[in-house]
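Me: I should like to go through the assignments made for this structure and hear the grounds for each. Please set every value against its criterion before concluding.

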Amino acid sequence: MIYLERTAEGPAEGALVLLHGRGSSEHDLYPLLDAFDPERRLDGYTLRAPMAPPGQGFHWYIVPRVGYPDPDTFNASYAEAGAWLDALPHEKIILGGFSQGAVMSYALGLGSDRKRATAVIGLSGFVPIVPGWDIAPPFPPIFLAHGTYDSIISVSFAHASRDRLEAAGATLDYRESPMDHQIDPRVIQEIAPWIRNVLAS
């Protein structure tokens, strides 16, 4: 896969991997590596989604309707990104993403057939519903944030994801912000100490 890398200042305590939203690229969330990990304790990576519809940037999967990724394209990206993650030389991997990238972070970090992520950060996304894929315990720490006025992925999807995760036994930090389909700067400020606590535990 194509990706950008930002190395840790000293010996890496793990990896922080961020996945962009639909129509964007690996450059989009790259500045968040320093925002989420200002001490550079982690090796940081931002991946490029493998699908490239003409003139539409990069996508993780086709969207027949929100909440239900196209199984074929979802499974292809899931397998490719999963193989890339499994090849990283880190015991601890914190996964995070925005929009489609959040969906893939939930999938890759919580999937029943996947190695557990150390933590998962989902920004303006949802836990997907795909035939043959499901979440499974044990669950790592999860940070979920969403805009209450999101016009692309309704906040109702965040509520459904929160309820689904909690019903399965997950403990998560949940935030809502009065904004559209974007990342709240106040949430960005919360994530750095949240990651510090994850690493400390």
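Reply: Arg-40 is a suitable place to begin: its relative accessible area is 26%. The model is a predicted one.

Me: What makes Arg-40 partly exposed?

Reply: Buried requires under 20% and exposed over 50%. Arg-40 has 26%, so it is called partly exposed. This residue belongs to the loop between helix 1 and strand 3 (43–47).

Me: Why is Ser-124 called buried or exposed?

Reply: The relative accessible area of Ser-124 is 1%. The limit for a buried residue is under 20%, so Ser-124 is classed as buried. Ser-124 is located in the loop between strand 5 and strand 6.

Me: What is noted about phi in Arg-40, and what in Ser-124?

Reply: Phi is near 55° in Arg-40 and about 60° in Ser-124. Most residues other than glycine have a negative phi. Arg-40 is not a glycine, yet its phi is positive; Ser-124, likewise not a glycine, also has a positive phi.

Me: What kind of peptide bond joins Pro-137 and Pro-138, and where is Pro-138 found?

Reply: The bond between Pro-137 and Pro-138 is cis, with omega about 0°. Most peptide bonds are trans. Pro-138 sits in the loop between strand 5 and strand 6.

Me: Why is helix 3 described as largely enclosed?

Reply: Of the 11 residues of helix 3 (residues 100–110), 11 are buried, so the rest of the structure largely encloses this helix. Among them are Gln-100, Met-104, Tyr-106 and Leu-110. The cover over the buried residues includes helix 2 (71–86) and helix 4 (155–167), together with strand 2 (15–19), strand 4 (93–98), strand 5 (119–123) and strand 6 (142–147).

Me: How are the strands of the sheet ordered, and why do strand 1 and strand 7 stand at the edges?

Reply: The sheet is open and has seven strands in the order 1-3-2-4-5-6-7, with mixed pairing. Strand 1 (3–6) and strand 7 (172–177) each have a single partner strand, so one side of each lacks a neighbour in the sheet. On average, neighbouring strands are turned by 15° against each other, direction ignored.

Me: What makes strand 5 and strand 6 a pair?

Reply: Pairing requires at least two bridges. Strand 5 and strand 6 are joined by four, so they count as a pair, and they run parallel. Val-120, for example, has Ile-142 in strand 6 as its bridge partner. Helix 5 (residues 185–200) packs on the sheet, touching strand 2, strand 4, strand 5, strand 6 and strand 7. The direction of helix 5 makes about 170° with that of strand 5.

Me: How many cavities are counted, and what lines the largest cavity?

Reply: The count is two cavities of 30 Å³ or more. The largest cavity holds about 70 Å³ of space. Its lining comprises 13 residues, with Ala-145, His-146, Gln-182, Asp-184 and Val-187 nearest its centre. Strand 6 and strand 7 are the elements that give two or more residues to this lining. By class, the lining has five nonpolar, five polar and three charged residues.

Me: What classes of residue line the second largest cavity, and which element gives the most?

Reply: This cavity, with about 30 Å³ of space, has seven nonpolar, two polar and no charged residues in its lining. Gly-96 and Gly-97 are among the lining residues; Gly counts as polar, so both fall in the polar class. Strand 4 gives the most, with three residues.

Note on methods: Residues numbered from 1 in each chain as written. Predicted model: local features only at pLDDT ≥ 70, side-chain atom pairs only at ≥ 80, totals over all residues. Heavy atoms only, no water. Buried < 20%, exposed > 50% of the residue type's maximum accessible area, 1.4 Å probe, protein only. Contact = heavy atoms within 4.5 Å. Axes fitted to C-alpha atoms, helices over the stretch in contact; angles between N-to-C directions. 1 Å grid on protein atoms, 1.4 Å probe; cavity = no way out; pocket = protein on both sides within 12 Å on 5 of 7 lines; lining within 4 Å. Points joined across faces, edges and corners; volume = space filled by probe spheres on them.
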